[in-house]
Amino acid sequence: MSRRRKVGILISGRGSNMQALIKAAEDPTYPAEIAVVISNRADAKGLDFAKGRGIATEVIDHKAYASRDAFDAALDQALKRHGVELVACAGFMRIMTDGFVTAWRDRMINIHPSLLPAYKGLHTHERVLADRAPRHGCTVHMVRGDVDTGPIIAQARVPVLKTDTPETLAARVLDAEHKIYPTALALLASRTFRVEDEKIVPVSPGMSLPIVVPALKY
C-alpha cells in the first residue's frame with residue numbers, strides 16, 4: 001500500500017464531518033491519516049472527540065490576530081508544523097484570504113450543504129424549502145477564493161419531503177455529508193484525479209467524476 005497522506009482538519013464547532021473523516025481514517029487501508037485538528041474556537045466540541053481518538057489538536061483563536069492575513073499565516077504554519085499535505089474544512093467558519101487559498105490550491109477541500117452551484121452561502125435548508133425545490137443535497141469541492149465555489153469532487157442528492165422542516169431536512173443532508181466526505185477525501189488522497197480548467201479529471205480511463213450519489217427513497 002502506498003504511503004498515507006497527512007490531513008489537517010479545520011473546525012469551528014462540533015465537527016460532525018470531522019468525526020466521519022476520523023472514523024474513516026482509522027481503517028489502515030484508507031489513503032489518508034488525520035495529522036491534526038485545528039479550531040479557531042477553544043470551545044469547539046470537536047476538539048474533545050479528536051483528543052479522545054489520540055489526534056493532535058490546536059486552537060488558533062482568530063480574535064488574537066490583528067488581521068485575517070496574520071491569522072491565516074499562523075494557521076498555515078500550524079498545518080506545516082504537523083506535516084499536513086491536504087486540508088479538509090469541516091464546519092470551519094472563517095473566510096480565508098486569497099494568499100492562504102492559493103498556497104493550498106488543489107489540496108484543500110470543503111463540504112457544503114447544497115447541490116452547488118445552487119444555494120451558495122448560509123441557510124440553505126430554509127431557502128430550499130421556501131423555493132419548494134424537489135431535491136436538496138451536499139457537495140464536496142476544492143476551495144477557491146470565492147465562497148462555495150471550486151471544482152466539484154462529489155455530490156449526494158437528498159429528496160425534499162412535503163413534511164420537511166429546516167431541521168428534518170438538515171438532518172437528512174448531514175447524514176449524506178457523512179457518507180460522501182470520506183469518499184471524496186480518499187479520492188483526493190489517492191491521487192485519482194487532477195484539476196484541469198477548473199474541472200475534476202479522472203486519472204484512470206473509464207472512471208466517472210465527479211461522483212453523484214442519487215437520492216435515497218424515504
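Lys and Arg count as positive here, and Asp and Glu as negative, while His and the chain ends are not counted. With that in hand, let us work through some exercises on this predicted model.

**Exercise 1. Find how far apart the mean positions of the positive and negative charges of the protein chain are.**

Solution. Start with the two groups: the protein chain has 30 positive and 24 negative charges. Next, take the mean position of each group; the two are 4 Å apart.

**Exercise 2. Describe the protein chain as a whole: its helices and strands, and its radius of gyration beside the globule rule.**

Solution. First, the elements: there are six helices and ten strands in the protein chain. Second, the radius of gyration is 17 Å, close to the 17 Å that the globule rule gives for 218 residues, so the chain is as compact as a globular protein of that length. Third, the C-alpha trace spans about 50 × 45 × 35 Å along its principal axes. Fourth, look at the inside and the outside. Buried residues account for 49% of the 218 residues, and the chain exposes about 10900 Å², with carbon and sulfur atoms supplying 53% of that area. Finally, consider the contacts between residues at least 6 apart in sequence: 63% of them join residues at least 24 apart.

**Exercise 3. Decide whether arginine 5 is buried or exposed, and work out what surrounds it.**

Solution. Begin by locating arginine 5: it belongs to strand S1, residues 5-11. Its relative accessibility is 10%, and buried means under 20%, so arginine 5 counts as buried. Now look for partners beyond four places in sequence. Arginine 5 has contacts with Pro31, Ala32, Glu33, Glu85, Leu86, Leu188, Ala189 and Arg191. Two of these deserve a second look. Glutamate 33 is 28 residues away along the chain, yet its C-alpha atom and that of arginine 5 are separated by 6.1 Å. As for leucine 188, its backbone oxygen is reached by the side chain of arginine 5 at 3.4 Å.

**Exercise 4. Place threonine 139 and find which side chain it meets in a polar contact.**

Solution. Threonine 139 sits in strand S6. With a relative accessible area of 0%, threonine 139 is buried. Its side chain and that of glutamine 155 are joined by a polar contact of 2.9 Å. Leaving out residues up to four places away in sequence, threonine 139 also touches others, including Asn110, His112, Leu116 and Ile152.

**Exercise 5. Pick out the backbone features at proline 117, proline 210, histidine 123 and aspartate 148.**

Solution. Keep a general pattern in mind: most residues other than glycine have a negative phi, and most peptide bonds are trans.

- Step 1: leucine 116 and proline 117 are joined by a cis peptide bond, with omega about 10 degrees. Proline 117 lies in the loop between strand S5 (108-112) and helix H5 (124-131).
- Step 2: the bond from leucine 209 to proline 210 is cis too, with omega near 0 degrees. Proline 210 is in the loop between strand S9 (199-202) and strand S10 (211-213).
- Step 3: histidine 123 is not a glycine, but its phi is positive, about 55 degrees. Histidine 123 is found in the loop between S5 and H5, and at 56% relative accessibility it counts as exposed.
- Step 4: aspartate 148, also not a glycine, has a positive phi of about 60 degrees. Aspartate 148 lies in the loop between strand S6 (135-142) and strand S7 (152-159), and with a relative accessible area of 10% it is buried.

Note on methods. Residues numbered from 1 in each chain as written. Predicted model: local features only at pLDDT ≥ 70, side-chain atom pairs only at ≥ 80, totals over all residues. Heavy atoms only, no water. Helix = DSSP H or I, 4+ residues; strand = E, 2+ residues; numbered from the N terminus. Rg over C-alpha atoms; globule rule 2.2 N^0.38 Å. Buried < 20%, exposed > 50% of the residue type's maximum accessible area, 1.4 Å probe, protein only. Contact = heavy atoms within 4.5 Å. Areas by Shrake-Rupley, 256 points an atom, 1.4 Å probe, with all protein chains shown as cover. Charge placed at Lys NZ, Arg CZ, Asp CG, Glu CD. Polar contact = N/O pair within 3.5 Å; in protein donor to acceptor, adjacent residues only side chain to side chain.
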